[in-house]
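Let's take a walk through a protein chain together, step by step. Keep the picture beside you and turn it as you read.

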Amino acid sequence: MGKWSGLFLAVALIVVSGLLGTSTSACACVEPMPEKELRALIRKADTGDIRAVGQVWQEYALVREDRRKGKIWASRAIRVGDPHTMVSMADDWMWEGQRAIDKRHKLVFYDAAIRLLENGYRNRNMLPTCGPGGSNDRYFYIANLRSARAALATASSGPSSWIRSAGRKNASAAYHVANHYFWVELDQSKRGQWELRASELGDPMYAGSVVDRRAKSDDIRDIVYSLGRADEIAKLGDSWVQKAVTAELRYRLARTRHFASGKKGKFVDPNCKAA
């Protein structure tokens, strides 16, 4: 059995077995799609449109909350690797992991999230650099995958070794500890403490983007420092990953400087272009 075939089977078994259940992302505030539109979308999906497959899953699982059809289309979305769907499914698993008490259950949930995100990575170019609201969906996909991997690592071994490494000014280790105190052991005080440390050390995910409010000049300092740490950015992955992360840091810097100057209203990134 090939690499991807094995992955499909492993994740599909999780979904079909009923462990996924009704998505925690379901929202009754969204009106169901008209039947005519849904049939047209299904026809697109049947002709091989990867995004359409994910959109049909979203309609059945998140809007109509039809568990039977939701599972059928979840399996199809997994087979084709729609990255938007993988993010949504993985996010549900991460929240399940945060809520779980038993360590064994946490490991299963984080591993499921990783498998889903790695599955969608082959179609990563479908993700826009400028999504709804100007978000860099490529960056957030990378951030979600890194977060899931870090949660699995620290849930397996505990945070102690990462704390020691962070004490030696290891930015990635500080990131792992901050991530641990949100997803694995929810402690907002420790989370805030380690996010600040990771930001100061130049970790790209936390540089100038921490839960605790502080002076914008501190955020600007850390973002500029992180942009200069090409070695830390390179550790995150290939050139596609590095480009997305660098774009996010530049956006973060421009946005922070915009509001630090006293300007009000929504910030619009002039470099935001559809992928």
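A helix, in the sense used here, is a DSSP run of H or I with at least four residues, and helices are numbered from the N terminus. With that in hand you can find a residue such as E118, whose place is in helix α6, residues 103-120. Please keep in mind that what you are looking at is a predicted model.

Now for the whole chain. The secondary structure comes to 13 helices and 0 strands. If you read along the sequence, you therefore meet one α after another, in the pattern α-α-α-α-α-α-α-α-α-α-α-α-α. The chain has 275 residues, and 45% of them count as buried. A residue is called buried when its relative accessible area is under 20%, exposed when it is over 50%, and partly exposed in between.

Let's use those cut-offs on a few residues. E118 has a relative accessible area of 31%, so E118 is partly exposed. Although E118 and P83 are 35 residues apart along the chain, their C-alpha atoms are separated by 9.1 Å. R99, in helix α5, also counts as partly exposed, because its relative accessibility is 45%. R99 has a partner from another part of the sequence: V184 is 85 residues away along the chain, yet the two are 8.6 Å apart in space, C-alpha to C-alpha. Finally, look at the segment after α13, where N271 lies. N271 counts as exposed, because its relative accessibility is 62%. From N271 to R250 there are 21 residues in sequence and 9.7 Å in space, again C-alpha to C-alpha.

Next come two loops. Most residues other than glycine have a negative phi. Which value does phi of E65 take? Phi of E65 is near 55°, a positive value in a residue other than glycine. You can find E65 in the loop between α3 (50-63) and α4 (67-80). E65 is partly exposed, because its relative accessible area is 39%. K169 also has a positive phi, near 65°, and is likewise a residue other than glycine. K169 sits in the loop between α8 (160-167) and α9. Is K169 buried or exposed? K169 counts as exposed, because its relative accessibility is 64%.

The loop with K169 leads us to the helices on either side of it. Two packed helices are described by the angle between their axes and the distance between the axes. The axes of α8 and α9 come within 7 Å and cross at roughly 140°. That makes α8 oblique to α9, because only angles over 145 degrees count as roughly antiparallel. The crossing in which α8 passes α9 is left-handed. Now compare a second pair, α11 and α13, which pack at an angle of about 155° with their axes 10 Å apart. These two helices, α11 and α13, are therefore roughly antiparallel to each other. Their crossing, α11 with α13, is left-handed.

Our last stop is the empty space. Rolling a probe the size of a water molecule over the atoms shows where empty space is left. In the largest pocket there is about 920 Å³ of space. Its lining is made of 33 residues, and A247, E248, R250, Y251 and R252 lie nearest the centre of the largest pocket. You have already met R250, as the residue 9.7 Å from N271, C-alpha to C-alpha. Which helix gives the largest share of the lining of the largest pocket? That helix is α13, with 13 residues. Helices α7 (137-157), α11 (216-227) and α13 (239-260) each supply at least two residues of this lining. Sorted by class, the lining of the largest pocket has 11 nonpolar, 9 polar and 13 charged residues.

The second largest pocket has a volume of about 570 Å³. It is lined by 22 residues, and F140, A143, N144, S147 and W183 lie nearest its centre. Helices α5 (83-99), α7, α9 (171-183), α10 (188-200) and α13 each supply at least two residues of the lining of the second largest pocket. The classes in this second lining are 13 nonpolar, 4 polar and 5 charged residues.

Note on methods. Residues numbered from 1 in each chain as written. Predicted model: local features only at pLDDT ≥ 70, side-chain atom pairs only at ≥ 80, totals over all residues. Heavy atoms only, no water. 1 Å grid on protein atoms, 1.4 Å probe; cavity = no way out; pocket = protein on both sides within 12 Å on 5 of 7 lines; lining within 4 Å. Points joined across faces, edges and corners; volume = space filled by probe spheres on them. Nonpolar A, V, L, I, M, F, W, Y, C, P; charged D, E, K, R; others polar. Buried < 20%, exposed > 50% of the residue type's maximum accessible area, 1.4 Å probe, protein only. Axes fitted to C-alpha atoms, helices over the stretch in contact; angles between N-to-C directions. Parallel < 35°, antiparallel > 145°, perpendicular 65-115°, else oblique. Left-handed = near helix turned anticlockwise from the far one by under 90°.
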